[in-house]
Amino acid sequence: SSLVDLWNEAILEESKFLHPVPVRQSPEVVGRCLVGLVRPCLLVPPNLSEQFSQKEIHLIFLHEIAHLRRHDLWLNGLLETVRTVHWFNPVVGWVLRRWREDREEACDVHALSAGSTDRLLYGRILLKCLGAGSTAEAGLAAVSWSGGSSAAPHSLVHRIRSIARFRPERRTWIVGVCTLLSVGL
């Protein structure tokens, strides 16, 4: 129940353009994830509050809220449709992998931009999520890595370096526009 309170508190902080989204515990998920296009909900493992402090959970929730604000569930559905149609095209696969990496970094920026977020704590959360799974693949899924484990370290190192270099005053919208243009092309 305290997870629901933390989620609702984070949603209230980010109330601009957000509808209420329920949080549900499920033993079927390794990490937290948003599901559902029409009625989205946040799925979390039952032991989330045992793995993370309330402050860490709040930051995790801010990251997930960024996915909601960016409408990533809908965009992901659209891009997976493109992947299905263009299954034979390696460029489409590469662009979608890059989009996923950029999407996660954009959500990191959103969470880091909220108030006085500690970059070191946020980076530790990412590493903690990586170690949260019982297998290497489960840990990679917990940090939203969809590629193979051999390619994950490069992307995760880049993401952690971005967190370390984060400055609230930087203009991140330029990166978002460039990413959108590259995906469009």
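Of the 185 residues in this chain, 41% count as buried. Before going further: what you see is a predicted model, so please hear everything I say with that in mind.

Let me start with the overall layout. The chain has nine helices and three strands. Reading from the N terminus, the order of elements is α-β-β-β-α-α-α-α-α-α-α-α. As for contacts, take those in the chain with a separation of 6 or more: residues 24 or more positions apart account for 59% of them.

Now the sheet. In what order do the three strands lie? The order is E1-E3-E2, in an open sheet with mixed pairing. Strand E1, residues 23–25, and strand E2, residues 33–35, are the edge strands, and each of them pairs on one side only. From one strand to the next, the twist averages 35 degrees. As a general reminder, strands of a sheet pair through backbone hydrogen bonds, and they do so either parallel or antiparallel. Here, E2 and strand E3, residues 41–44, run antiparallel and are joined by three bridges. If you want one pair to look at on the screen, take Val-35, whose bridge partner in E3 is Cys-41.

Next, helix H3, which comes up several times. H3 lies across E2 and E3, and runs at about 30 degrees to E2. H3 also packs against helix H1, residues 2–13, with the axes 9 Å apart and an angle of about 50 degrees. That angle makes H1 oblique to H3. The crossing of H1 past H3 is right-handed. Which residues make this contact? From H1 they are Leu-3, Leu-6, Trp-7, Glu-9, Ala-10, Ile-11 and Glu-13. From H3 they are Gln-54, Ile-57, His-58, Phe-61, Leu-62, Glu-64, Ile-65 and Leu-68. By class, the contact of H1 with H3 divides into 10 nonpolar, two polar and three charged residues.

H3 has a second helix contact to go through, with H5. H3 covers residues 54–69 and H5 covers residues 90–113. Their axes come within 8 Å and cross at roughly 120 degrees. That makes H3 oblique to H5. H3 passes H5 in a right-handed crossing. On the H3 side, the residues in contact are Leu-59, Leu-62, His-63, Ala-66, His-67 and Arg-69. On the H5 side, they meet Arg-103, Glu-104, Cys-107, Asp-108, His-110 and Ala-111. What is the make-up of the contact by class? The contact of H3 with H5 has five nonpolar, three polar and four charged residues. Leu-62 is worth finding in the structure, since this H3 residue is listed in the contact with H1 and also in the contact with H5.

Last, two residues of helix H8, which spans residues 152–165. Arg-159 lies in this helix, and so does His-158. Is Arg-159 buried or exposed? Arg-159 has 6% relative accessibility and therefore counts as buried, the cut-off being under 20%. His-158, at 35% relative accessibility, counts as partly exposed. For both residues there is a distance to Glu-105. Arg-159 is 54 residues from Glu-105 along the chain, and their C-alpha atoms are separated by 6.3 Å. His-158 and Glu-105 are 53 residues apart in sequence and 9.3 Å apart in space, again C-alpha to C-alpha.

That is what I have on the sheet, the H3 contacts and H8.

Definitions and conventions. Residues are numbered from 1 along each chain as its sequence is written. This is a predicted model: local features need pLDDT of at least 70, side-chain atom pairs count only at pLDDT 80 or more; totals for chains, interfaces and linings use all residues. Side-chain values use heavy atoms; hydrogens and water are left out. Axes are lines fitted to C-alpha atoms, for helices over the stretch in contact, and angles run from 0 to 180 degrees between N-to-C directions. Helices (H or I, at least four residues) and strands (E, at least two) are DSSP runs, numbered from the N terminus. Angles under 35 degrees count as roughly parallel, over 145 as roughly antiparallel, 65 to 115 as roughly perpendicular and the rest as oblique. A crossing is left-handed if the near helix is turned anticlockwise from the far one by less than a right angle, and right-handed if clockwise. Contact means heavy atoms within 4.5 Å. Ala, Val, Leu, Ile, Met, Phe, Trp, Tyr, Cys and Pro count as nonpolar, Asp, Glu, Lys and Arg as charged, and the others, Gly among them, as polar. Two strands pair if DSSP finds at least two bridges between them. Buried means under 20% relative accessible area, exposed over 50%, partly exposed in between (1.4 Å probe, protein chains only).
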